[in-house]
Amino acid sequence: MEKSKSRDRSHARIAGLLSIIPGVGQLYNKQIIKGIAFLVVALLYITGFWNLFNMGFWGLFTLGTEVPRDNSIFLLAEGLIAFLILCIGLLFYGLNLRDAFKNGEKIDMGQHPENFINSVKSLFDTSYPYLLISPGLLLLIFTVIFPILFSFALAFTNYDLYHTAPAHLANWVGLETFKQIFTVDIWRSTFFDVLGWTVIWTLVASTLSVAIGIFMAIVVHQKDLKFKRLWRTILVLPWAVPGFVTILIFAGMFNDSFGAVNTVILHALGLHAVSWMTTASWTKIALLFIQSWLGFPYIFVVTTGVLQSIPEDLYEAAIMDGATAWEKFRKITLPFILNQMAPIIITQYTFNFNNFNIIYLFNNGGPAVPNSTAGGTDILVSWIYKLTMSSNQYALAAALTILLSIFVIAIALWQFKRTNSFKEG
Amino acid sequence: MKKGWVKMFAASTVALLALTGCGPTSSGTSSSSKSNKSRGSLLVWEDKDKSSGIKDAVSKFEKENNVKIKVVEKTYADQLKQLRLDGPAGTGPDVITIPGDQIGTAVTEGLLKELKVSKKTQSIYTDSAMESQIVDGKVYGLPKAVESTVLFYNKKLVSEKDLPQTTEEWYKFSKEERTRGKYGLLALWDQIYYAQGVFSGYGGYIFGKKSSGAYNPKDIGLNNSGAIEAANYVSKFYKDGLFPKGILGDKGINVLDSLFTEGKAAAVISGPWNFDVYKKAGIDYGVVKLPKLANGKPMSSFIGVKSYNVSTYSKNVALAEKFVKFVSNANNSKKRYEVTNEVPAIKSLVNSAAVKSDVNAEAVAKQSQNAELTPNITEMDQVWTPINNALQVVDTGKATAKNALNSAVSQINSAIKANGKK
Amino acid sequence: MHSIKRNKNIRLFGTYLLLAIVSITIFYPLAWTIGASFNKGNSLVSTTLIPKNPTFDHYIALTKTSGTFYYFQWFLNSLKISVVTMVLSVILVSITAYAFSRFRFRGRKNGLIMFLLLQMIPQFSALIALFVMAQMLHLVNSHFLLILIYVGGQIPMNTYLMKGYIDSIPISLDESARLDGASRTRIFLQILAPLAKPMISVVAMNGFTGPLGDFALSSVILRDPKSYTLPIGLYNLINDKMGASYTTFAAGAILISLPVAIVFILLQKNFVSGLTEGGTKG
């Protein structure tokens, strides 16, 4: 049975082979309009992008050969764009082959391939989800994936102040930059310091926001509390004011000598002034406080919504069993909230891992600490930003981006495997 | 079933890739950066709030050469940073205004066009100002103004005749002021730009010089015994509460300015950029050269040179060069001085009555005699951050001067070495 | 009986006390900002909560444009960018999430994993790439490009949230509509979209506030002072080495925060009740 089938797949094979030039296979299958359309598109694609491919791939390999004509960075970017467009092209090229092959198969089995209108219809039918995701995906490819690829590529070059246009070209140097990070003492120790603080920062700042948010929601949710709407409005305020504004305001308020925190609040409480901006550990505490202030309202709002949706009968049963308030909370409320809000809570952690604004705006990653090339409160992203924007250590910054990504992706995948979303997908 | 077309796909993909692979050998020739002949307009980046000073010169140049010039104001210290971004985009300027210590870096990167300036033209500028524009014997710009930090004092809080003359006297004076809740002298000595004045007096230096007079990046004197002594001396002002901690760090400069303009500090060490600012704030201030150090040596300072330079990205290099020479000539420099009060770098002007009678300019000129150029070699770029961090750490008492400076110098050395490999 | 009542009173008293403390913590910095904006001078040094000599100078200063200062232009720029980003994000995120939630297609699982990973890598770790891209497309200073970049950055995380939300809407609703002959596009527009309103408002909020909080990306793309957004402009206002003005910043900050906060609080009712509605469905 199987063997006889493979013997009369001649049409399929020939059609597939012919469509190495897109469209010809379709013509062979007597799908004239489709075939011509494929041919035209293919021709347009090749003529339209030929130059890009030509320059792009040449540039990608050499990163330029002559100054000041060539700019390595532009060549690299062009090369990557060429690569992406080629990938998209190959995808459709593959689909073209498949189409010819499949339709050839139909002929082999004695059916007629669909006419043009019908095939458009069935195309719309089968690829409806692709149609839906393609605008978003396309945007994603060029505004997110391309920049990330570019950054990754940069890590394997020696692009820095001394290898920059117009006077110099950058070159591929392989793993040289990574080697530097791990072999030069000061870089290695700085990297691990920064990574350590990034992890602590992410865990503590996010957990605090989440805990305070849930706690306040439960407090306001008490049945006999008056002015609920007023309290809720007040508690949302920190979220409603643009974050960068608040951070800069706090930066002023925490000034060591003249900030209101020291001169007014601590003074009124009879406490000594604290060096918020010049001692790293105090800056860290200030940062955690500010991030909790900024971050809890979001969790508060969502939790409030969730609380209102907990079915009463769950509690009724518990009251019958004589459960205390604490037991009700621990056995019913909390699991319900955590279950419902898991994705939102997780986004808090990813958000803080990359929370560049607060670190950079509050104290520019400072204060300075001995024996480190980063500031005392720099997290990975702010350090990368500073390396890029103020010290022009582009390759180094890119290499750190890769390390950061590996770290994040490892955690994400681990986390992903544990939750159900994987199986469900 | 499926495998048939997949195999075919793979095979033809390889074939296609092979085709594209052999294309790009002849490429590149079509793209060229030489699109000359777009004669007729220049984009000039002037320092912030200073474009009024070249207004006349610009319109004159426009008329004489039948061109259009657009002047855009940008903080001069940031212009090079922006040129890096805007230059390749084609939106960059033809002429920029940058600090002299950035010239070395800019030349290394190839951002600046060499100018052909005759010895005679060079000779009209003060020597040190001109020197800052020269890298390896080639001229890359013409000086526009020189600046140096000086001492500003509030006449209401300290009279000219009571003015302390040495840092030791200032130390005592500040102590007294503190008892009244005010500040005496304030300075941003957590930054090498300001602290260098003290360092230099005690024998510290950034780069030593070779016998040829060129800077020697292998000889860093920021952790020698003099430097350590200087750092300790400086940190005393912080530790004894004479300088508030609030003026440390990035935003310190704003706090320092405010303390002075609100009459809470009797004196500050700052630069000519504040002549106008302080006046507008309604402070009746005087300006003198920096005080003597405790060891009797004069306090040094960095001479900052502002210059006009031509970007290599300029599409109209010849015209841009012409404009730079025109706007920096003696006549236009004088005009500019009259409008902006920035101390000019022209010899004849420095000695002219106009400048001599201007107390502000006079103080800058006097201080300049004790001052030294900010090194303009590329390696200077690696110095700022580590040494400023070290100073801050010492001033906040987080590390001893010796440890912090040693660590800073080893950081600088390794950064220079890492970058100098190729 | 008495002790229960007393316990209740203690609990309520504690609650009100706690809420009062939290409210003060929330109000203090905000009130302080308002105070600062009316204070004389430029810095925070002598700023007090209640200004000694209140002045409108800083608000007036905002109206004065100069070669590098265009407050109201920035204001409009920011508003425009935020609104467009919000609208585009909502559209793209909803349709993408709809596809991922309701259809089984090849590449779906990998697509989801990709989205999950992409949301973790910050977009601005690739600043140079974005700038190079802007240059190659000749779109430096272009708000349009910036908006596309923002929308692109919004997609992964929000799609993920939205997909999860649509998943919780029973598929039986779709099926019965389909039996009635509704097309897939119609099912989405008329059945799922209204039900997903709470999550749509979350996505909208993210899209709106995202650009308002960013200055890293925007300051790389927008090079001309006139095309700046408020975050860049205000940041420069206090970070300028010379002539920084903390108090003018405070005035500018209040002018932008007020409308945003008011809109936010007005919308918040829908937000909370919407979330509730959605929650019970789940």
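# Exercises on a predicted three-chain model

In chain B, strand S7 (residues 150-154) pairs with S12(B) in the antiparallel sense over 4 bridges; strands are DSSP runs of type E with at least two residues, helices runs of H or I with at least four, both numbered from the N terminus, and two strands pair if DSSP finds at least two bridges between them. The model is predicted, so local features need pLDDT of at least 70 and side-chain atom pairs count only at pLDDT 80 or more, while totals for chains, interfaces and linings use all residues. Residues are numbered from 1 along each chain as its sequence is written, and chains are lettered from A and ligands numbered from 1 in the order in which they are written.

**Exercise 1.** Place S7(B) and S12(B) in their sheet and state which residues stand opposite each other.

Solution.
- Step 1: the open sheet has 4 strands in the order S8-S11-S7-S12 (chain B), with mixed pairing.
- Step 2: strand S8 (183-186) and strand S12 (285-288) of chain B are the edge strands, each pairing on one side only.
- Step 3: from one strand to the next the twist averages 15 degrees.
- Step 4: B:Tyr153 has B:Gly286 in S12(B) as its bridge partner, and B:Asn154 stands opposite B:Tyr285.

**Exercise 2.** Which side chains of S12(B) are buried, and which are not?

Solution.
- Step 1: a residue is buried if 20 or more other C-beta atoms lie within 10 Å of its own, exposed if 12 or fewer, and partly exposed in between, with C-beta atoms placed from the backbone.
- Step 2: B:Tyr285 and B:Val287 point to one face and are buried.
- Step 3: B:Gly286 and B:Val288 point to the other face and are not buried.
- Step 4: in a regular strand, side chains alternate between the two faces of the sheet.

**Exercise 3.** Which helix lies across S8 and S11 of chain B, and at about what angle to S8(B) does it run?

Solution.
- Step 1: axes are lines fitted to C-alpha atoms, for helices over the stretch in contact, and angles run from 0 to 180 degrees between N-to-C directions.
- Step 2: helix H7 (residues 167-179) of chain B lies across S8 and strand S11 (265-270), running at about 140 degrees to S8(B).

**Exercise 4.** Describe the contacts that chain C makes with chain B and with chain A.

Solution.
- Step 1: two residues are in contact if their C-beta atoms, placed from the backbone, lie within 7 Å.
- Step 2: 15 residues of chain B touch 15 residues of chain C. Helix H3 (79-89) and helix H10 (252-261) of chain B are the elements giving two or more residues to this side, and H10(B) gives the most, with 5 residues.
- Step 3: 72 residues of chain A are in contact with 75 of chain C. Helix H7 (residues 128-154) of chain A supplies the largest share of the chain A side, 16 residues.
- Step 4: that side of chain A divides into 48 nonpolar, 23 polar and 1 charged residues. Ala, Val, Leu, Ile, Met, Phe, Trp, Tyr, Cys and Pro count as nonpolar, Asp, Glu, Lys and Arg as charged, and the others, Gly among them, as polar.

**Exercise 5.** Where in chain C does pLDDT stay under 50?

Solution.
- Step 1: pLDDT is the predictor's confidence in each residue, from 0 to 100.
- Step 2: chain C has a mean pLDDT of 84, and 92% of its residues reach 70 or more.
- Step 3: among its elements, helix H12 (residues 246-281) has the lowest mean pLDDT (71) and helix H3 (residues 71-102) the highest (94).
- Step 4: pLDDT stays under 50 over residues 276-282 of chain C.
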